[in-house]
Amino acid sequence: LSTKPLGVSPEDIDAQIGTFGLPEFGTRFIQQVLLDAKPKSFADLMQISGLTHGTNVWLGNAQDLIKNGTCDISQVIGTRDGIMLDLIRYGMENSLAFKIMESVRKGRGLKPEWEEAMIASGVPEWYISSCKKIKYMFPKAHAAAYVMSAIRLGWYKVHMPIAFYCAMLTVAPGGFDAEIVSGGKNAVVRKIKEIEKMGRDASQKEQGMISTLQLVNECYARGIKFLPISLEKSDARAFLPENGGIRMPFLSLG
């Protein structure tokens with residue numbers, strides 16, 4: 001986990017890893033989860049997707065288990081399906097494993113007789129305790145779909161960066177301010193810090209700008225320039241690749 005595939009340093013983009021713009025993996029919170037969990041495989045990334053979409057699954061639960069060395073990301077409870085499959089591997093009867101999974105993933109906990117059966121099958125105490133904390137769990141199929149999408153976009157981000165940034169900025173929900181971006185990297189960084197310093201006092205529009213500005217800052221760090229709006233070359237809405245740079249659309253003036 002690093003920023004090396006992007007050819008930048010953590011200081012260049014104010015992040016330890018280069019996941020800005022990747023669905024489900026681009027926020028500060030998820031970046032910290034990735035750093036804490038240290039995933040090594042596609043399966044580990046699915047675990048993280050499940051953990052970050054559940055309730056009482058990561059914070060105060062799996063995060064603590066990983067930090068204190070009880071287990072690693074591949075062993076914690078990440079998705080609802082994982083509970084059933086884990087219990088079956090411990091030797092529990094299929095239908096009982098399914099019932100326990102359904103109860104835990106809905107936040108209903110464990111019946112005393114189920115807990116006794118888990119202990120008799122050799123299920124670790126930490127695993128049982130983790131089940132009791134869970135309030136909602138994500139299905140593995142959803143996690144797999146999210147991770148597949150992120151990996152595909154990640155390939156474009158590394159190998160075809162201009163196409164990636166053009167596409168992401170064209171659909172950026174946080175909007176794009178051509179005036180700020182035209183001021184260069186320093187102006188973009190100043191605006192990000194200004195909004196972050198405001199905290200909850202920042203407007204919804206300002207908070208929404210951060211993810212877009214992070215991508216813009218990353219572009220500048222990777223040597224990708226933003227070309228001014230042109231009557232002849234700019235599109236109405238789409239950011240367009242042009243001679244190693246990105247041509248801003250008319251919509252970015254608003």
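Author: A helix axis here is a line fitted to C-alpha atoms over the stretch in contact, and angles run from 0 to 180 degrees between N-to-C directions. Keep in mind that this is a predicted model.

Reader: Okay, so what do the axes of H3 and H9 do?

Author: Helix H3 (residues 42–53) and helix H9 (residues 140–159) have axes that come within 8 Å, crossing at roughly 115°. The crossing of H3 past H9 is right-handed. On the H3 side, the touching residues include Phe-42, Leu-45 and Met-46, while H9 brings among others Tyr-146, Val-147 and Ile-151. By class, that contact holds nine nonpolar, three polar and one charged residues.

Reader: Now Arg-105. Why is this arginine called buried?

Author: Buried means under 20% relative accessible area. Arg-105 comes in at 18%, so it counts as buried. It lies in helix H6 (residues 94–105), and beyond its neighbours within four places in sequence, Arg-105 is in contact with Arg-80, Lys-135, Tyr-136 and Met-137. Lys-135 is 30 residues away in sequence, yet the C-alpha atoms of the two are 6.5 Å apart.

Reader: What makes Glu-102 and Arg-105 a salt bridge?

Author: The rule asks for a side-chain nitrogen of Lys or Arg within 4 Å of a carboxyl oxygen of Asp or Glu. The closest N and O atoms of Glu-102 and Arg-105 are 3.0 Å apart, so the pair passes the 4 Å cut-off. Glu-102 is buried too, just like Arg-105. The two sit three residues apart in H6, which means about one helical turn separates them.

Reader: And how do you know that Lys-157 and Glu-218 form a salt bridge?

Author: Their N to O distance is 2.8 Å, and the limit is 4 Å, so the pair counts. Lys-157 belongs to helix H9 and Glu-218 to helix H13, so this pair ties together parts 61 residues apart in sequence.

Reader: Why are Lys-157 and Glu-218 called buried?

Author: The cut-off is under 20%. Lys-157 has a relative accessible area of 2%, so it is buried. Glu-218 is at 0%, so it is buried as well.

Reader: How many salt bridges does the rule give?

Author: Ten. One of them joins Arg-247 and Glu-242 at 2.7 Å, N to O, and both of those residues are buried. There's also a network linking Asp-14, Arg-28 and Glu-196.

Reader: Which residues touch the most other members of the largest nonpolar core?

Author: That core has 70 residues, and Ile-83, Leu-87 and Phe-226 are among those touching the most other members. Helix H13 (residues 204–221) supplies the largest share, seven residues.

Key
Residues numbered from 1 in each chain as written. Predicted model: local features only at pLDDT ≥ 70, side-chain atom pairs only at ≥ 80, totals over all residues. Heavy atoms only, no water. Core = buried A, V, L, I, M, F, W, Y, C linked by side-chain atoms within 4.5 Å. Buried < 20%, exposed > 50% of the residue type's maximum accessible area, 1.4 Å probe, protein only. Helix = DSSP H or I, 4+ residues; strand = E, 2+ residues; numbered from the N terminus. Left-handed = near helix turned anticlockwise from the far one by under 90°. Contact = heavy atoms within 4.5 Å. Nonpolar A, V, L, I, M, F, W, Y, C, P; charged D, E, K, R; others polar.
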